[in-house]
Amino acid sequence: MKNWQDDSTDFYRTHFWYPLLAFLALIMLINDLHLDLSLADAIYSWEGHQWFLRDAWVTSDLLHNDGRRLVAVMAILLLALLSGSFFVRRLRPYRRALVYLFASVAISLLSVSLLKRLTQVNCPWDLLRYGGAISFDAASQDGQCFPAGHASGGYAWIGLYFVALVHLPRWRFRALGFALALGASFGVAQQLRGAHFISHDISTLAICWFVALGGYRLAFPHSVAVTPSVSAPQKATWPRLQAASKLAEE
């Protein structure tokens with residue numbers, strides 16, 4: 001693999017401009033094709049013109065309630081590692097990354113929570129169209145459903161990708177895949193329950209991505225990134241990881 005400084009235009013093109021353009025294109029597509037309502041209509045009809053899965057074990061107990069517990073446990077483990085970095089020598093080189101990840105997760109969750117209070121968008125299950133009591137024209141008055149809060153519990157861990165980018169580049173896409181899979185599973189579960197439209201989840205993903213990206217640029221302004229090459233990847237070793245950690249902290 002070939003090293004290069006990530007303040008190059010390549011880094012911003014792949015990590016800022018492409019995601020931004022993709023997000024804007026998706027939102028425009030959803031609005032132009034009315035995909036929020038179309039997808040919610042299809043789900044509502046498939047569930048027998050009711051939110052049959054709203055209280056189902058898989059969507060409510062497992063993916064919602066237990067999902068929140070999982071995120072809480074992950075946050076506690078992260079905080080424990082961060083605290084341990086002040087006492088355990090082998091964790092010390094990763095303190096900056098742990099601080100960054102903790103801040104990225106916290107800011108992502110808080111940002112989504114704050115926006116939910118400010119936007120006051122209703123959930124699908126609140127609307128007359130889906131068995132609720134509020135007409136679509138009168139919506140967005142007292143709800144707290146935009147952006148998607150539960151999905152943020154998964155997408156907030158996108159910072160793992162940037163941590164891997166600094167300390168273990170070969171694992172960066174695995175880390176990203178984990179965060180995306182967790183957020184998507186939470187988001188789909190909530191859509192099946194009638195709690196969110198698809199645009200709510202995509203907006204949450206965008207918020208968490210750009211929070212993680214901005215935090216990465218602040219925490220690691222001189223970090224080293226990697227880009228694929230035709231040569232075989234080198235196996236990461238502990239001394240090599242420590243050397244990368246020291247470089248990131250300089």
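These legends walk through several close-up views of one predicted protein model.

The model is predicted, so local features need pLDDT of at least 70 and side-chain atom pairs count only at pLDDT 80 or more, while totals for chains, interfaces and linings use all residues. Residues are numbered from 1 along each chain as its sequence is written, and side-chain values use heavy atoms, with hydrogens and water left out.

**View 1. The whole chain has nine helices and two strands.**
Helices here are DSSP runs of H or I with at least four residues, strands are runs of E with at least two, and both are numbered from the N terminus. Following the sequence, the order is β-α-α-α-α-α-α-α-α-β-α. The chain has 250 residues, and 42% of them count as buried. Buried means under 20% relative accessible area, exposed means over 50%, and partly exposed is in between (1.4 Å probe, protein chains only). About 13500 Å² of the chain is exposed, with carbon and sulfur atoms supplying 66% of that; these areas come from the Shrake-Rupley method with a 1.4 Å probe, and for residues only the protein chains shown count as cover. Among contacts (heavy atoms within 4.5 Å) with a separation of 6 or more, 76% join residues 24 or more positions apart.

**View 2. The largest nonpolar core holds 32 residues.**
A nonpolar core is a set of buried Ala, Val, Leu, Ile, Met, Phe, Trp, Tyr and Cys residues joined through side-chain atoms within 4.5 Å. Tyr-100, Trp-157, Ile-158, Phe-162 and Tyr-216 touch the most other members. Six helices show up here with at least two core residues each: H3 (57-84), H4 (95-119), H5 (149-155), H6 (159-167), H7 (172-193) and H8 (198-219). H8 gives the largest share, six residues. Take Ile-158: leaving aside neighbours within four places in sequence, its contacts are Leu-176, Ala-179, Leu-180, Leu-205, Cys-208, Trp-209 and Ala-212. There is also a second, separate core of 12 residues, including Cys-123, Leu-127, Tyr-130 and Ala-195.

**View 3. Tyr-155 sits in helix H5 and is buried.**
The relative accessible area of Tyr-155 is 8%. What does Tyr-155 contact, once neighbours within four places in sequence are set aside? The list is Ala-179, Leu-180, Gly-183, Ala-184, Asp-201, Thr-204, Leu-205 and Cys-208. Leu-205 is 50 residues away from Tyr-155 in sequence, yet their C-alpha atoms are 5.9 Å apart.

**View 4. Helix H4 has buried residues covered by other helices, including H3, H5, H6 and H8.**
The buried residues of H4 are Ala-97, Leu-98, Tyr-100, Leu-101, Ser-104, Val-105, Ser-108, Val-112 and Lys-116. An α-helix has 3.6 residues a turn, so residues three or four places apart point the same way. With 25 residues at 1.5 Å a residue, H4 should span 36 Å, and its end C-alpha atoms are indeed 36 Å apart; the expected span is 1.5 Å times one less than the number of residues. Right after H4 comes Gln-120, with a positive phi near 55°.

**View 5. Ala-97 is a buried residue of H4, with a relative accessible area of 3%.**
Not counting residues up to four places away in sequence, Ala-97 touches Val-163, His-167 and Phe-220. Phe-162 is 65 residues from Ala-97 in sequence, and the two C-alpha atoms are 8.8 Å apart.

**View 6. Arg-129 and Asp-41 form one of three salt bridges.**
A salt bridge is a side-chain nitrogen of Lys or Arg within 4 Å of a carboxyl oxygen of Asp or Glu. In this pair the closest N and O atoms are 2.8 Å apart. Arg-129 lies in the loop between H4 and H5, and Asp-41 lies in helix H2 (residues 35-46), so the bridge ties together parts 88 residues apart in sequence. Both are partly exposed: Arg-129 at 45% relative accessible area, Asp-41 at 27%.

**View 7. Two salt bridges lie within helices, Arg-13 with Asp-10 in H1 and Asp-66 with Arg-69 in H3.**
For Arg-13 and Asp-10, the closest N and O atoms are 2.4 Å apart. Both lie in H1 (residues 9-33), three residues apart, about one turn of the helix. Arg-13 is partly exposed at 34% relative accessible area, and Asp-10 is partly exposed at 34%. In H3, Asp-66 and Arg-69 meet at 2.5 Å, N to O. They are three residues apart too, about one helical turn, and Asp-66 is partly exposed at 33%.
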